Amino acid sequence: MADCHLGGGRAARLLAVVPDPDNAFPRARRGEVGLLEGIGLARAVREVMELDSDDQRRPIVAVVDAPSQAYGRLEEQFGEYLYIAAAVDAYAAARVAGHPVIALVVGSAISGGFLAHGLQASQVLALDDDKIEIQAIHKPAAARITLRTIAELDELAKTVTPLSFDVRAWATLGYCDGLLKVSHPDQPASADIDLARGALRDAITRARLGPRDLTNRLQGAQAQHARLASL
C-alpha cells in the first residue's frame, strides 16, 4: 500500500498483493490472493472510504500481478470465498461511492486473484507485453479440463478469443480501457513511468465522468462486436 500524486486532488492510494515467503499459508506465498490478502485488501479499501467522507474522493489504483487465488485445503476449510468476496465488495462499494477505481495489470491476472483485486475497477489498463496473462484459469489446468493439449488450446484460441491468454486478444472483449506499450516492463525507463502516469490520470478522469456501475464495459466499440450475447 502506498500513496502517489497523479495530479489534482488527493493522492491516489495504490494497492498491490506481493509475494510473501513467510506467509502463514504456504499456498499464498507467491502473490496469490488468500485469506489474509482478501481481508487485507478489503480493510485497506474501506479505510480509504472512511477517510474520504466528503465529495473529494481519492482514486484507488489496484496494481495487479496475481497468479491466482490461493489454492489450498486450509483456505477452502476457512471459507476463502468469503475473504475474496470481502475484497470484491469493498472495491465495488468504493466505486459506487465515487472513488475512481483503476486497475493496472503489470503481470498475471488469473482466476480469483483478478476477481478479488482489479476486476471491479471502473477502468482497466494493462501493459502491452507478451508476459502479461489475463484469464479465468491457468493454461495447464484448462488443458486438463478440456482434455486437450496446450498446443491445441493455443490453436483454438486463434478463433475463440475468450480462450486466449494473450493480453491483446483479451483487450478485444470490452474489458480493457487501454494497453500501455512500454519499453522495459520489468525495469521501466522514465518514459515508461511517464506513460503509465499519464494513462492513469486519463483513466481517473474517465472514471469520474463515467457511470459508477460497470455498464461502460458493454458500451465500447470492442464490446459492440465481441459481447453481442451479453448485450
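A residue is taken as buried when its relative accessible area is under 20%. By this criterion, buried residues account for 48% of the 231 residues in the chain, in what is a predicted model. The secondary structure of the chain consists of nine helices and seven strands. A compact globule of 231 residues would be expected to have a radius of gyration near 17 Å, and the value of 18 Å computed for the chain agrees with this expectation. The C-alpha trace extends over about 55 × 45 × 40 Å when it is laid along its principal axes. When contacts between residues at least 6 apart in sequence are considered, 72% of them join residues at least 24 apart.

The surface and the charges of the chain were also examined. The chain exposes about 12,100 Å², of which 55% is supplied by carbon and sulfur atoms. Its side chains include 25 that are positive and 29 that are negative, and the centres of these two sets lie 2 Å apart.

A pair of aromatic rings is described by the distance of the centres and the angle of the planes. The search of the whole structure for such pairs returned one. In this pair, the ring centres of Trp170 and Tyr175 are 6.1 Å apart and the ring planes stand at 15 degrees, so the arrangement is stacked, given that planes under 30 degrees apart are assigned to that class. The two partners fall into separate accessibility classes, since Trp170 has a relative accessibility of 8% and therefore counts as buried, whereas Tyr175, at 23%, counts as partly exposed.

Trp170 also appears in the surroundings of Ile134, a residue of strand S6, which covers residues 133-135. With a relative accessible area of 3%, Ile134 is buried. If neighbours within four places in sequence are left aside, the contacts of Ile134 comprise Val105, Ala109, Ile110, Phe114, Ala126, Ser164, Phe165, Val167 and Trp170. A further spatial relation links Ile134 with Asp65, as the C-alpha atoms of these residues are separated by 9.8 Å while the residues themselves are 69 apart along the chain.

Asp192 provides a second buried site, and it belongs to helix H8, which runs over residues 190-209. The relative accessibility of Asp192 is 6%, and this value places the residue in the buried class. Residues up to four places away in sequence being excluded, Asp192 touches Val182, Ser183 and His184. Lys181 lies eleven residues from Asp192 in sequence, and the distance between the C-alpha atoms of Lys181 and Asp192 is 8.2 Å.

Two residues were noted for their backbone geometry. Ser111, although it is not a glycine, has a positive phi of about 55 degrees, and Leu147, likewise not a glycine, has a positive phi of about 60 degrees. Ser111 is part of helix H4, which spans residues 111-116, while Leu147 is placed in the loop between helix H5 (139-146) and helix H6 (150-157). Their accessibility also sets them apart, because Ser111 is buried with a relative accessible area of 17%, whereas Leu147 is exposed with a relative accessible area of 76%.

Terms used:
Residues are numbered from 1 along each chain as its sequence is written. This is a predicted model: local features need pLDDT of at least 70, side-chain atom pairs count only at pLDDT 80 or more; totals for chains, interfaces and linings use all residues. Side-chain values use heavy atoms; hydrogens and water are left out. Rings of Phe, Tyr and Trp (its six-membered ring) pair if their centres lie within 6.5 Å; planes under 30 degrees apart count as stacked, over 60 as edge-to-face and the rest as tilted. Buried means under 20% relative accessible area, exposed over 50%, partly exposed in between (1.4 Å probe, protein chains only). Helices (H or I, at least four residues) and strands (E, at least two) are DSSP runs, numbered from the N terminus. The radius of gyration is taken over C-alpha atoms; the globule rule is 2.2 Å times the number of residues to the power 0.38. Contact means heavy atoms within 4.5 Å. Accessible areas come from the Shrake-Rupley method with a 1.4 Å probe; for residues, only the protein chains shown count as cover. Lys and Arg count as positive and Asp and Glu as negative; His and the chain ends are not counted. The place of a charge is taken as NZ of Lys, CZ of Arg, CG of Asp or CD of Glu.
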